[in-house]
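This report describes selected features of one structure, beginning with its ligand site and ending with a single buried residue. The sequence and structure are shown below.

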Amino acid sequence: MISIKGLTKTFTTSNNRITAVDDLTLDIKDGEIFGVIGYSGAGKSTFVRLLNRLEEPSAGQVIINDQDITALNSNQLRLTRQEIGMIFQHFNLLWSRTVTDNIAFPLEISGVPKQEREERVQELINLVGLNGRENAYPSQLSGGQKQRVGIARALANRPKVLLCDEATSALDPETTNAILDLLVDINAKLGLTIILITHEMHVIRKISNQVAVMEEGKIVEQGDVLDVFLRPEQPVTKKFVKQIMGSNGDDGAEELVNTYDSGKIVRLHFIGDTTNQALISQMARSFNIDINILQGKITQMQQGAYGTLFVQMDGEKAEIDRAITYITDETSVEVEVVRNVE
Ligand SMILES: Nc1ncnc2c1ncn2[C@@H]1O[C@H](COP(=O)(O)OP(=O)(O)OP(=O)(O)O)[C@@H](O)[C@H]1O
């Protein structure tokens, strides 16, 4: 468990004082993939760097597995940092060292004997899928391969926590997806906690269980990713959700709704349970109604499908009501009747 209490970082420059992280209090459970999203300048990088004291806090505490990171002296901090791996947007590799030697570097620092080091490096190469590239130099690698080296190096000392600072922001969409898949795989295989910061909602959508939204140094909204997607409250969160959903799926729906003169128009909110994906065909089979799909957008998230679908249900009123009761009572899909056309 990571407990962050009143964490604050103030930068003082010659003509300015900036509170980059402002009194953050937050718990992150073991094994979670915790996403922090915010626009440029929100304080994300400063926040993540405070967790391993690459930045010194101005106030507050970071407690990782009952150990107060903020209270450690430099020797203790060096040892504890081995339990907190970190990967970076621009990889931060050693350009004069091969893949193998980059991955071995933290093991050398922590005094792991040669034979054990070589075995561990091989394990890590297998884990991140860099077989065959052992002797390449960073300049000979693609962006995705460089980040794989970064990940292997970060995992070398078997950390319990992996911090990811915009780890996919320099990568193209396809490579981003491959690296995110790798992080999910590592989280499942090794059970380590992953904290990632990003300005891209699709990164959160793809791998996070929990999300915190940062603005002006504060967490303005936080929770289960699905809940935050479904009911974004703050304007900044709504903007992020819009990044991947477009609007909330009802652009022009009003007009469309008015073209129907019978049945009910309902909006179905899918919130992550994959068993609901066959809902429409199931409804048509089980109830004597017609279902016309009007409009919608469903996206795939870490925990299943999320999205909104507008449908027209046509048929006997009692049968339509039975169908709606069924969806409400028996599935996790939320139903909202937009219009009754009696
Ligand atoms: N070393 C520093 N000295 C002075 N101000 C700083 C320093 N580091 C960060 N800041 C300021 O703190 C605020 C938060 O910056 P931070 O880099 O943490 O935000 P961010 O959300 O990570 O944005 P970005 O993605 O653009 O880096 C910004 O106003 C930034 O200018």
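## Ligand site

In this predicted model, an oxygen atom of the ligand lies 3.0 Å from a backbone N or O atom of A42. G43 also approaches the ligand through its backbone: one of its backbone N or O atoms is 2.9 Å from a ligand oxygen atom. T46 takes part through its side chain, where an N or O atom is 2.5 Å from an oxygen atom of the ligand.

These three residues belong to the set that surrounds the ligand, which also includes Y39, S40, G41, K44 and S45. F11, T13, I18 and A20 are likewise among the surrounding residues.

## The open sheet and helix α1

Four strands, in the order β2-β1-β4-β5, make up an open sheet with antiparallel pairing. At its edges are β2 (16–28) and β5 (67–68), each of which pairs on one side only.

Strand β1 (residues 2–13) and strand β4 (residues 59–64) run antiparallel and are joined by five bridges. Opposite T8 stands A59 in β4. Strands of a sheet pair through backbone hydrogen bonds, in either a parallel or an antiparallel manner.

Helix α1 (residues 44–51) lies across three strands, β1, β2 and β4. Its direction is at about 120° to β1.

## Helix α5

Helix α5 comprises residues 143–155. Its end C-alpha atoms are 18 Å apart, in agreement with the 18 Å span expected for 13 residues at 1.5 Å a residue.

Is this helix enclosed or open to its surroundings? Helix α5 is largely enclosed by the rest of the structure, because 11 of its 13 residues are buried. The buried residues are G144, K146, Q147, R148, V149, G150, I151, A152, R153, A154 and L155. Their cover includes two strands, β6 (84–88) and β7 (161–165), together with the helices α3 (99–109), α4 (114–128) and α6.

## T176 in helix α6

Helix α6, which helps to cover the buried residues of α5, spans residues 173–190 and contains T176. Why does T176 count as buried? Its relative accessibility is 3%, and the cut-off for a buried residue is under 20%.

Which residues does T176 contact, leaving aside its neighbours within four places in sequence? With those neighbours set aside, T176 is in contact with T168, L171 and H202.

Terms used. Residues numbered from 1 in each chain as written. Predicted model: local features only at pLDDT ≥ 70, side-chain atom pairs only at ≥ 80, totals over all residues. Heavy atoms only, no water. Buried < 20%, exposed > 50% of the residue type's maximum accessible area, 1.4 Å probe, protein only. Contact = heavy atoms within 4.5 Å. Expected span 1.5 Å × (residues − 1). Pairing = 2+ DSSP bridges. Axes fitted to C-alpha atoms, helices over the stretch in contact; angles between N-to-C directions. Near = heavy atom within 4 Å. Polar contact = N/O pair within 3.5 Å; in protein donor to acceptor, adjacent residues only side chain to side chain.
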